[in-house]
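Here is a short tour for someone meeting this structure for the first time. Take a look at the model, then read on.

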Amino acid sequence: MIQDLFSMDNKICVVTGGSSGLGSYMAQGFLEAGAARVYITARSADKLKTKAEELSGLARGECIALPGDLETMDGVDSLSNDLHDREDYIDVLVNNAGVGTGGFFDRITSEEWDMTMNLNLKSPFFLTRALHDLLKANATLEDPSRVLFTSSVCASEVFAHVLAYSTSKNAIEHLTSQLALRLCDDHIHVNTIAPGRFFSEMTRGSWADPEAESYQAELKRIPAHRYGGLEDMAGVAIMLCSRAGSYFTGEVLNLDGGHKLRH
């Protein structure tokens, strides 16, 4: 039973922002759990191709690179068109592409605000809508399609130095419940993972020097006393997108090593 519960056998998945960090962790997890194809997107074509080749070598499924810029609606439409040309349906959409900009109240520019909202909030919604027909094409009551968003512990806290970022992630968590209710009748379940500190490109400045006092102090503040890694993110994503998580919808799962307990 356990193998069937957490199986992604023959699933078709799309992971935006999949060339590194959290997105690559989820893509790898899906492939190793049996997915047939996992499409990953990012702006850097070379980096994306290298990651797709690496992940394709880890399992029997194929990882396919689809370079593009999801900050713009042209990028969203291009990705949607490409996927419609390639597939009759998709089982999983992970809206993970994002940017951590958007700083202090008196310093943030309108360009930074728009970039943050476009990539973190606007594009995930419109990509989900653009792929709605593919998501419902193979979905059933017993085996619904899944949409995952990536939020952050910043969504539920006040961090003055990432004002736009935390606002966009808070909005994603509200959007989760809105879409979950709207899409349930199409057998599409919608959930969000809100990570705390993870080893990723966005947080590299914090953990690059493991002996640094600031890093060691941060580990002491996290109740689990460590950063999250591949297995932590992949495990939760697989659970949410397999039979094991098919009764979840509209939920925000805090994957933070107890971070919120201290805040």
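## Starting from a serine

Let's begin at S19, which sits in the loop between β1 and α2. Keep in mind that this is a predicted model. Is S19 buried or exposed? With a relative accessibility of 10%, S19 falls under the 20% cut-off and so counts as buried. Leaving aside residues up to four places away in sequence, S19 touches S24, T41, A42, K47, L48 and K51.

One of those contacts, S24, belongs to helix α2, where S24 is among the buried residues. The helix covers residues 21–32, which makes 12 residues, and spans 17 Å from its first C-alpha to its last, close to the 16 Å expected at 1.5 Å a residue. How many of the residues in α2 are buried? The count is 11 of 12, so the helix is mostly covered. Among the buried ones are G21, Y25, M26, A27 and F30. After α2 comes G34, which has a positive phi, near 110 degrees.

## The sheet

Now for the sheet. Seven strands make up an open sheet with parallel pairing, and their order is β3-β2-β1-β4-β5-β6-β7. Which strands stand at the edges? They are β3 (62–65) and β7 (252–255); each has a single partner strand, so one side of each has no neighbour in the sheet. On average, and ignoring direction, neighbouring strands here are turned by 20 degrees against each other. As a bit of background, strands of a sheet pair through backbone hydrogen bonds, either parallel or antiparallel.

Two of the pairings are worth a visit. Strand β1 (residues 12–15) runs parallel to β2 (residues 37–40), and four bridges join them; V15 stands opposite I40 in β2. Over at β7, four bridges connect this strand to β6, again in parallel, and T192 has V252 as its bridge partner in β7.

In a regular strand, side chains alternate between the two faces of the sheet. In β7, L253 and L255 make up a covered face, while V252 and N254 are on an uncovered one. Helix α7 (residues 163–183) lies across β5 (145–150), β6 (188–195) and β7, and runs at about 160 degrees to β6.

## Nonpolar cores

In soluble globular proteins, nonpolar side chains tend to be buried together. The largest nonpolar core in this model has 32 residues, and those with the most contacts inside it are M8, M26, F30, V38, I40, I193 and M233. At least two residues of this core come from each of β1, α2, β2, α3, β4 (92–95), α10 (230–241) and β7. Which element gives the largest share? That is α10, with seven residues.

I40 turns up again here. Not counting residues up to four places away in sequence, I40 touches V15, G18, A27, L48, K51, A52, C63, I64, A65 and L66. There is also a second, separate core of 27 residues, which includes I12, Y39, L83 and L93.

## Salt bridges

The structure holds 11 salt bridges. Here are some of them, with the distance between N and O atoms.

| Pair | N to O distance |
|---|---|
| K51 and E54 | 3.3 Å |
| R197 and E218 | 2.6 Å |
| R226 and D232 | 2.9 Å |

K51, which we met as a contact of S19, lies in helix α3 (residues 45–56) together with E54. Why are K51 and E54 separated by about one helical turn? Because they are three residues apart in that helix. K51 counts as buried at 15% relative accessibility, whereas E54 counts as partly exposed at 41%.

The pair R197 and E218 links distant parts of the chain, 21 residues apart: R197 is in the loop between β6 and α8 (204–207), and E218 is in helix α9 (residues 213–221). With a relative accessible area of 30%, R197 is partly exposed, while E218 is buried at 11%.

For the R226 and D232 pair, R226 is partly exposed at 45% relative accessibility, and D232 is partly exposed at 23%. Finally, K11, D143 and R146 are linked in a network of salt bridges.

Note on methods
Residues numbered from 1 in each chain as written. Predicted model: local features only at pLDDT ≥ 70, side-chain atom pairs only at ≥ 80, totals over all residues. Heavy atoms only, no water. Pairing = 2+ DSSP bridges. Axes fitted to C-alpha atoms, helices over the stretch in contact; angles between N-to-C directions. Contact = heavy atoms within 4.5 Å. Expected span 1.5 Å × (residues − 1). Buried < 20%, exposed > 50% of the residue type's maximum accessible area, 1.4 Å probe, protein only. Salt bridge = Lys/Arg side-chain N within 4 Å of Asp/Glu carboxyl O. Core = buried A, V, L, I, M, F, W, Y, C linked by side-chain atoms within 4.5 Å.
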